[in-house]
Amino acid sequence: MSQAHSTGTKLGAANIDDLGRALLLLATEIAVLNDRQRVLEAVLEERGIAVADAVRDYQPAGALADTLKGEQARLVKLIVEALCPPNA
């Protein structure tokens, strides 16, 4: 079984609702981001700017890389908290 490092609580039958919420949260976040990226690429393409390959190949650095890492950490925290909520 998986174990959330922040709480030490193991996932089990009692956590199935938490697991479901975490999966739905993740699926929703991915769907929204995917939609926004496709819309942005389509709008730019309509204006004569093909960016799909450039976005795929881009290697962020500096402040942008730091921002992206922070957003990834935020998402991981949301998922871990949904899987194993802190004891109130």
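The lining of the largest pocket divides by class into 9 nonpolar, 2 polar and 2 charged residues, a composition that refers to a predicted model. The space in this pocket amounts to about 400 Å³. Its lining comprises 13 residues, and those closest to the pocket centre are Leu-33, Gln-37, Leu-40, Val-55 and Leu-68. Helix α1 contributes 7 residues, the largest share of this lining, while α1 and α3, the latter spanning residues 62–83, each supply at least two residues of the lining.

The second largest pocket holds about 190 Å³ of space, and its lining consists of Glu-29, Leu-33, Leu-68, Glu-71, Gln-72, Arg-74 and Leu-75. By class, this lining is made up of 3 nonpolar, 1 polar and 3 charged residues. Here the largest share, 5 residues, is provided by α3, and, with α1 and α3 each supplying at least two residues, both helices take part in the lining of the second largest pocket. Leu-33 and Leu-68 appear in the lining of the second largest pocket and are also among the residues closest to the centre of the largest one.

With regard to the overall fold, the secondary structure of the protein chain comprises 3 helices and 0 strands, and the elements follow one another along the sequence in the pattern α-α-α. Helix α1 covers residues 16–46. Of the 88 residues in the protein chain, 12% are buried.

The charged side chains form 6 salt bridges in the structure. One of these joins Arg-74 and Glu-29, with a nitrogen-to-oxygen distance of 3.2 Å; because Arg-74 belongs to helix α3 and Glu-29 to helix α1, this pair ties together parts of the chain that are 45 residues apart in sequence. Both partners are partly exposed, since the relative accessible area of Arg-74 is 34% and that of Glu-29 is 22%, values that lie between the 20% and 50% limits of this class. The contact belongs to a network of salt bridges in which Glu-29, Glu-71 and Arg-74 are linked. Glu-29, Glu-71 and Arg-74 are also found in the lining of the second largest pocket, so that, with Asp, Glu, Lys and Arg counted as charged, these residues account for the charged part of that lining.

A salt bridge within a single helix is found between the side chains of Arg-21 and Asp-18, where the nitrogen-to-oxygen distance is 2.4 Å. The two residues both lie in helix α1 and are 3 residues apart, which corresponds to about one turn of the helix. Their surroundings nevertheless fall into separate classes of accessibility, because Arg-21, at 48% relative accessibility, counts as partly exposed, whereas Asp-18, with a relative accessible area of 12%, is buried. A further salt bridge is formed by the side chains of Arg-56 and Asp-57, at 3.0 Å from nitrogen to oxygen. In this pair Arg-56 is exposed, with a relative accessible area of 57%, and Asp-57 counts as partly exposed at 47%.

On the surface, Ile-16, Leu-19 and Leu-23 form a nonpolar patch that has about 270 Å² of accessible area when the three residues are taken together. Ile-16 is found in helix α1 and counts as exposed, because its relative accessibility of 51% lies over the 50% limit for that class.

The segment after α3 contains Cys-84, which counts as buried because its relative accessibility is 3%, under the 20% limit that applies to buried residues. Although Cys-84 and Asn-15 are 69 residues apart in sequence, their C-alpha atoms are placed 7.5 Å apart in space.

How values were computed
Residues numbered from 1 in each chain as written. Predicted model: local features only at pLDDT ≥ 70, side-chain atom pairs only at ≥ 80, totals over all residues. Heavy atoms only, no water. Patch = residues over 30% accessible without salt bridge, like charges linked within 9 Å, V, L, I, M, F, W, Y side chains within 5 Å. Areas by Shrake-Rupley, 256 points an atom, 1.4 Å probe, with all protein chains shown as cover. Salt bridge = Lys/Arg side-chain N within 4 Å of Asp/Glu carboxyl O. Helix = DSSP H or I, 4+ residues; strand = E, 2+ residues; numbered from the N terminus. Buried < 20%, exposed > 50% of the residue type's maximum accessible area, 1.4 Å probe, protein only. 1 Å grid on protein atoms, 1.4 Å probe; cavity = no way out; pocket = protein on both sides within 12 Å on 5 of 7 lines; lining within 4 Å. Points joined across faces, edges and corners; volume = space filled by probe spheres on them.
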